[in-house]
Amino acid sequence: MLRLIIDENFNHRILRGVKLLLPDFEYVAAQNTELHGVEDSTLLEWAAKQNRTLVTHDLKTIPKHAYARVQSGQLMTGVIAIPKSLHIGQAIEELAIAVECCDQSELASRVMYLPV
């Protein structure tokens, strides 16, 4: 099961829905930590150090920073990018499937866009 760090602007209704489906899934919400308000690159660095996959609605800047880490040879433990426009029910189902079925190593150096 994936270990996640949730971007601070992520829809927490999606998190609650996933938690109902997968009560044991592990995540840290950036807004509830020292990561509140940090730059994208800092968030990705923290995720790499903690071996967590970043979940975000930011389809513009996070993937750019993620791939910059990969190109520079830095560890990038993965990003799951979910558009805000995705229906909440579908976002819950898609994220739950990714959390349950993906291995942490499968997302290394990758940005996974949902829906798949």
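**View 1. The whole chain has 4 helices and 5 strands.** This is a predicted model, so take a moment to get your bearings before zooming in. Follow the chain along its sequence and you'll meet the pattern β-α-β-α-β-α-β-α-β. Put a box around the C-alpha atoms along the principal axes and it comes out at roughly 35 × 30 × 25 Å.

**View 2. How does the radius of gyration of the chain fit with a compact globule?** For 116 residues, a compact globule would have a radius of gyration near 13 Å, and the chain has 13 Å, so the two agree. Look at who touches whom, too: of the contacts with a separation of 6 or more, 71% are between residues 24 or more positions apart.

**View 3. Inside and outside of the chain.** Of the 116 residues here, 47% are buried. Turning to the outside, the chain exposes about 6200 Å². Carbon and sulfur atoms supply 50% of that exposed area.

**View 4. F25 and Y27 form a stacked aromatic pair.** A pair of aromatic rings is described by the distance of the centres and the angle of the planes. The structure holds 1 aromatic pair, and here it is: the rings of F25 and Y27 sit 5.1 Å apart, centre to centre, with 25 degrees between their planes. Why does this pair count as stacked? Planes under 30 degrees apart get that label, and the planes of F25 and Y27 are at 25 degrees. Are the two partners buried or exposed? F25 has 2% relative accessibility, so F25 counts as buried. Y27, at 32%, counts as partly exposed.

**View 5. C101 and C102 are cysteines without a disulfide.** A disulfide is a covalent bond between the sulfur atoms of two cysteines. How many does the structure hold? The count is 0. For C101, the nearest cysteine sulfur is that of C102, 6.9 Å away. Likewise, C102 has the sulfur of C101 as its nearest cysteine sulfur, at 6.9 Å. A disulfide needs the two sulfur atoms within 2.5 Å, so that spacing of 6.9 Å rules one out for C101 and C102.

**View 6. Is C101 buried or exposed, and what about C102?** Stay with the two cysteines for one last look. C101 has 58% relative accessibility, so C101 counts as exposed. C102, on the other hand, is buried, with a relative accessible area of 14%. The cut-offs behind those labels are over 50% for exposed and under 20% for buried.

Note on methods
Residues numbered from 1 in each chain as written. Predicted model: local features only at pLDDT ≥ 70, side-chain atom pairs only at ≥ 80, totals over all residues. Heavy atoms only, no water. Buried < 20%, exposed > 50% of the residue type's maximum accessible area, 1.4 Å probe, protein only. Phe/Tyr/Trp six-rings, centres within 6.5 Å; stacked < 30°, edge-to-face > 60°. Helix = DSSP H or I, 4+ residues; strand = E, 2+ residues; numbered from the N terminus. Rg over C-alpha atoms; globule rule 2.2 N^0.38 Å. Contact = heavy atoms within 4.5 Å. Areas by Shrake-Rupley, 256 points an atom, 1.4 Å probe, with all protein chains shown as cover.
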